[in-house]
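Here are some exercises to work through with the model open beside you. Try each task before you read its solution.

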Amino acid sequence: MQYYLNGYRFGDPEAQPPAPGFEHPPAGLPDTVDVLIVGTGPAGLVLAAQLSTHAGFTTRIVERRAGPLELGHADGVACRTVEMFEAFGLSSRLTREACWINETVFWRPDETDRTRITRTGRVDDAAGELSEMPHVIVNQARLQQHLLGYMEKSPTRLTPDYGLEVVGVQVADSGDHPVAVTLRPAGGGAERTVHAKYVVGTDGARSAVRASIGRELRGDVANHAWGVMDILAVTDFPDIRIKAAIQSAREGNILLIPREGGYLVRLYVDLGVVDPARRDEIRRTPPEQLIAVAQKVLHPYTLDVKDIAWASVYEVGQRVTDKFDDVPEDQAAARTPRVFIAGDACHTHSAKAGQGMNVSMQDTFNLGWKLAAVLEGRSAPTLLHTYSAERQPVAKELIDFDKEWSAIMGSPPKDPLHPERGGVDPAELQDYFVRSGRYTAGLATHYPAGPLIGTAEHQALARGFTIGTRFHSAPVVRIADGRPLHLGHVHRADGAWRLYAFADTTAERLHALLGWLAESPASPIRRFTPAQADPDSVIDVRAIYQQGHRAAEVDALPPVLLPRKGRFGLIDYEKAFSPDLDRDVDIFDLRGIDRTRGALVVVRPDQYVSHVLPLDGHDALAAFFARFMLEPGQ
């Protein structure tokens, strides 16, 4: 990490200096704010963490609970989410205390004695080539604490205002802060109104914000119930510390998830089809009954539960809203969004795919940089239409996947002696899991061509950086100091775009591009960076050479790779990289970069590849950024 840019400071380098005018803790909730976030779940805190680094506008977050979450129900953190946490500098904390899911095992009835279960398969949970980050399990409350800590160290020292619930949201036709949010103390008391430029509802499946803008969750309930419990137990089941999909012949199924800390285990216990007339009764199923079912499923192994940290019963259901903002489809040309919904407020599903919390956080990681760009005058408000346009189809895909996965997980195994009884072949369950690895790792999102995503005519220049998908990191070595690192880890959650320029054979095209970026009036860096801002604050340029780092001379690097920053004009030496040839890891080979021509990979602030262009595609690069960026003062 980089610090001391504007002078030496004693203490925690992650604690940024407070911006002028921002207090810690902040004073009471003001009457007007630029962004009001409703709900401190994972989606709300990811958004708040992003916006907390921007001191040019005011962000506040309200929560009906009296304080931070202490016991979270979500726990699975996908590889893609850990990649995102790296952009906040939080991935190492997350992975250090988490339980790593390295493999998944499959159990089904023994062929010779179907009253017993036996292990029939063992696979990697997320293939190593998909991501450098692991799939981990960590309590939602701890994940949220990391984000809260990040906010408290930000320039705005943002902390939530607890104990406030939303009564209603109204959007006026005009005004600088047109969204009126009526709030009241959660325990009762006088209502008050806060006016905002933008409101984001991350307030769960019973979202008051969603109801206020007339959106509805639509979908199905599968009439299939599962019990879930976090337990401390003594057992002779050999895979108690490995993720396990367990099918019994007659007693139901279990999805077993080891939890963080080395002892805690989560069990999803199949309770079967729900009779609508007995729905309330099923929901009141006591933990002791869940344990009894689990003991039968695990036969011949024993399960002695010593403590229950949490238990619940839920029905499988998948629902999604048709749009994630307040603008009706037929008014999109005349209006821009003022109110947004994210996470469970606009899509709900079962827990067994492990995607709910992850997709929710990706919702607001998509939205946050767009709000900042509009509020700071770098993009027009029409940019905000792209949030719903991009994220609603992702949620719909999640719903479709969850329906199929839940149906498979809730089906009994086929009995080879009685095929007429139906069910799922256990081998089919394992095969489906393997085929779905990219999805469950959180890496299946693929945004189509549009205002922020280019077309694929130059994709062959960088085959491993698929346009519209997340930037797939790879090892490199930093030229200035010889440090091995992952290229994608230089990407911060700071709202800046990244240009990763991969050198051609002679580096002539590369250096021509870098010269054009630094000097041409048509350069997006020259056009869109405010006069007093650091040169990499809007568009951050990184170059990757083909030769090893010892063959490169720092003083020969082009000026755009040695930008002067901060109040002292200090030089940033961390912009140029080489392949990690000492470890025989060449990013050009790993990511299919055209060695002769090189490639320019354009990456959005939320780590998605927007475009792949030739190094000499200067006009195309200028035209791309001109689609959605405004010149300062425009």
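Rings of Phe, Tyr and Trp (its six-membered ring) pair if their centres lie within 6.5 Å; planes under 30 degrees apart count as stacked, over 60 as edge-to-face and the rest as tilted. The model is predicted, so local features need pLDDT of at least 70 and side-chain atom pairs count only at pLDDT 80 or more, while totals for chains, interfaces and linings use all residues. Residues are numbered from 1 along each chain as its sequence is written, and side-chain values use heavy atoms, leaving out hydrogens and water.

**Exercise 1. Aromatic rings**

Task: find which residues form one aromatic cluster with W369, and classify the pair Y447 and Y608.

Solution. Start with the cluster: W369, W497, F624, F625 and F628 belong to it. Within it, F624 and F625 make an edge-to-face pair, with 5.5 Å from centre to centre and 75 degrees between the planes. Both of these residues are buried, where buried means under 20% relative accessible area, exposed over 50% and partly exposed in between (1.4 Å probe, protein chains only).

Next, take Y447 and Y608: their ring centres are 4.9 Å apart and their planes stand at 50 degrees, so this pair is tilted. Y447 sits in the loop between α11 (437-440) and β19 (475-478), and Y608 in the loop between β26 and β27, so the pair links parts of the chain 161 residues apart. (Helices, H or I with at least four residues, and strands, E with at least two, are DSSP runs numbered from the N terminus.) Y447 has 2% relative accessibility and counts as buried; Y608, at 3%, is buried too.

**Exercise 2. The core**

Task: locate the largest nonpolar core relative to the domains.

Solution. A nonpolar core is a set of buried Ala, Val, Leu, Ile, Met, Phe, Trp, Tyr and Cys residues joined through side-chain atoms within 4.5 Å. The largest has 105 residues, and L371, W497, Y545, L621 and F625 have the most contacts inside it. Helix α8 (residues 356-375) gives the most, 10 residues. Domain 1 (32-88 + 138-219 + 319-400) and domain 4 (459-627) both contribute, so the core lies between them; the domain bounds come from an automatic or database assignment.

**Exercise 3. The sheet**

Task: which strands stand at the edges of the open sheet?

Solution. Write out the order of the 7 strands: β20-β19-β25-β22-β21-β26-β27, with mixed pairing. Two strands pair if DSSP finds at least two bridges between them. β20 (484-486) and β27 (609-613) each have a single partner strand, so one side of each lacks a neighbour in the sheet.
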